[in-house]
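Reader: I would like a close look at a single part of this protein, and then a connected account of how the rest is arranged. Please take the steps slowly and keep the residue names in view.

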Amino acid sequence: MRTLLRYARLGLVLLTVMLASALITMRLAIHGREIAVPKLVGLTPLEAERVAVGNGLLLQVESRFYSADTAEGRIMSQVPQAGTTVRRGWRVRVAESLGPQRVIIPSVVGQSTRAAELNLQRRGLEIGTVAVAHIPEMPADQVVAQSPPPNASGVASPKINLLITP
């Protein structure tokens, strides 16, 4: 009887050690590769890349915006936010500041799509969304409308959206 009780206690101790080991192993496997996202806002993209890679993260400059508050060439926002816990190898998306808006938005209405594209590129602007509208009285491949409008100020992005005829 004593021998049976002794084996039962030994089995219970072994079971407890096994469960504790499994719990610790699972915790390390699940949470061991996690890291807090560093603050990248205010850094240059090169500095942010170094910090991100140093922490085992990937950096992606997703967009560029005009900003009167953030100096040109600095990171103005990031996703996920600083302090968020993520896995190593996670991609941190950032937006870079272009500084305050210095370019005047030209009028490209009435121009061909190619002429509008060249006109915008020459001024350092990009074509954003292009929508097509079937308007019978308008010639083909012509810009019908644009957003933001000509001479707009306080524009957030250097992208101009166009409405064209097919």
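Where is Gly83 found?

Author: This is a predicted model, and what follows should be read with that in mind. Gly83 is found in the loop between strand 3 and strand 4. Its relative accessible area is 52%, and because the cut-off for an exposed residue is over 50%, Gly83 counts as exposed. Once the neighbours within four places in sequence are left aside, Gly83 is in contact with Ala36 and Val37. The loop that holds Gly83 runs between strand 3, residues 75-79, and strand 4, residues 85-87, and Pro80 lies in it too. Pro80 is joined to Val79 by a cis peptide bond, with omega at about 0 degrees.

A second cis peptide bond leads from Ser147 to Pro148, again with omega near 0 degrees. Pro148 is found in the loop between strand 7 (143-147) and strand 8 (159-164). That loop between strand 7 and strand 8 also holds Asn151, a residue other than glycine whose phi is nevertheless positive, near 65 degrees. With a relative accessibility of 60%, Asn151 counts as exposed.

From Gly83 one can also look across to Leu19, which is 64 residues away along the chain, the two C-alpha atoms being separated by 32 Å. Leu19 has its place in helix 1, residues 2-31, and together with Leu12, Leu15 and Met18 it makes a nonpolar surface patch of about 400 Å².

Helix 3, residues 113-122, has four buried residues, namely Thr113, Ala116, Asn119 and Leu120. These residues lie on the same side of helix 3, because the arc that they cover around the axis is only 130 degrees. A general property of the α-helix helps in reading this pattern: with 3.6 residues a turn, residues three or four places apart point the same way. The cover over the buried residues of helix 3 includes strand 6, strand 7 and strand 8. Just after helix 3, Gly124 takes a positive phi of about 80 degrees.

Among these buried residues, Thr113 deserves a closer look. Thr113 has a relative accessibility of 17%, and it counts as buried because the cut-off is under 20%. Apart from neighbours within four places in sequence, Thr113 is in contact with Asp141, Val143 and Ile164. With Asp141 the link is also polar, since a contact of 2.5 Å joins the side chains of Thr113 and Asp141. Asp141 has its place in the loop between strand 6 (126-132) and strand 7, and its phi is positive, near 55 degrees, although it is a residue other than glycine. At 38% relative accessibility, Asp141 counts as partly exposed, whereas its partner Thr113 is buried.

Helix 3 also carries a salt bridge of its own, in which the side chains of Glu117 and Arg114 meet at 3.6 Å, N to O. The two residues are three places apart within helix 3, about one turn of the helix. Glu117 is partly exposed, with a relative accessible area of 25%, and Arg114 is likewise partly exposed, at 48%.

The pair in helix 3 belongs to a wider set, for a search of the whole structure finds five salt bridges. One of them is formed by Glu47 and Arg74, whose closest N and O atoms are 3.5 Å apart. Because Glu47 lies in helix 2 (residues 45-54) and Arg74 in the loop between strand 2 (58-65) and strand 3, this pair ties together parts that are 27 residues apart in sequence. Both residues are partly exposed, Glu47 with a relative accessible area of 32% and Arg74 with 30%.

Another salt bridge joins the side chains of Arg102 and Glu72, at 3.1 Å from N to O. This pair links distant parts of the chain, 30 residues apart, with Arg102 in the loop between strand 5 and helix 3 and Glu72 in the loop between strand 2 and strand 3. Arg102 counts as exposed, at 58% relative accessibility.

Strand 5, residues 91-97, is the place of Glu96, which counts as buried at 14% relative accessibility. The side chain of Glu96 makes a polar contact of 3.3 Å with the side chain of Arg64. Not counting residues up to four places away in sequence, Glu96 touches a set of residues that includes Pro45, Val61, Phe65 and Met76, and Arg74 is among them as well.

Note on methods:
Residues are numbered from 1 along each chain as its sequence is written. This is a predicted model: local features need pLDDT of at least 70, side-chain atom pairs count only at pLDDT 80 or more; totals for chains, interfaces and linings use all residues. Side-chain values use heavy atoms; hydrogens and water are left out. Buried means under 20% relative accessible area, exposed over 50%, partly exposed in between (1.4 Å probe, protein chains only). The arc is that of the directions from the helix axis to the C-beta atoms. Contact means heavy atoms within 4.5 Å. Patches are made of residues with over 30% relative accessible area and no salt bridge: like charges are joined within 9 Å, nonpolar side chains (Val, Leu, Ile, Met, Phe, Trp, Tyr) within 5 Å. Accessible areas come from the Shrake-Rupley method with a 1.4 Å probe; for residues, only the protein chains shown count as cover. A salt bridge is a side-chain nitrogen of Lys or Arg within 4 Å of a carboxyl oxygen of Asp or Glu. A polar contact is a pair of N or O atoms within 3.5 Å; within protein, one must be able to donate a hydrogen and the other to accept it, and residues adjacent in sequence count only if both atoms are side-chain atoms.
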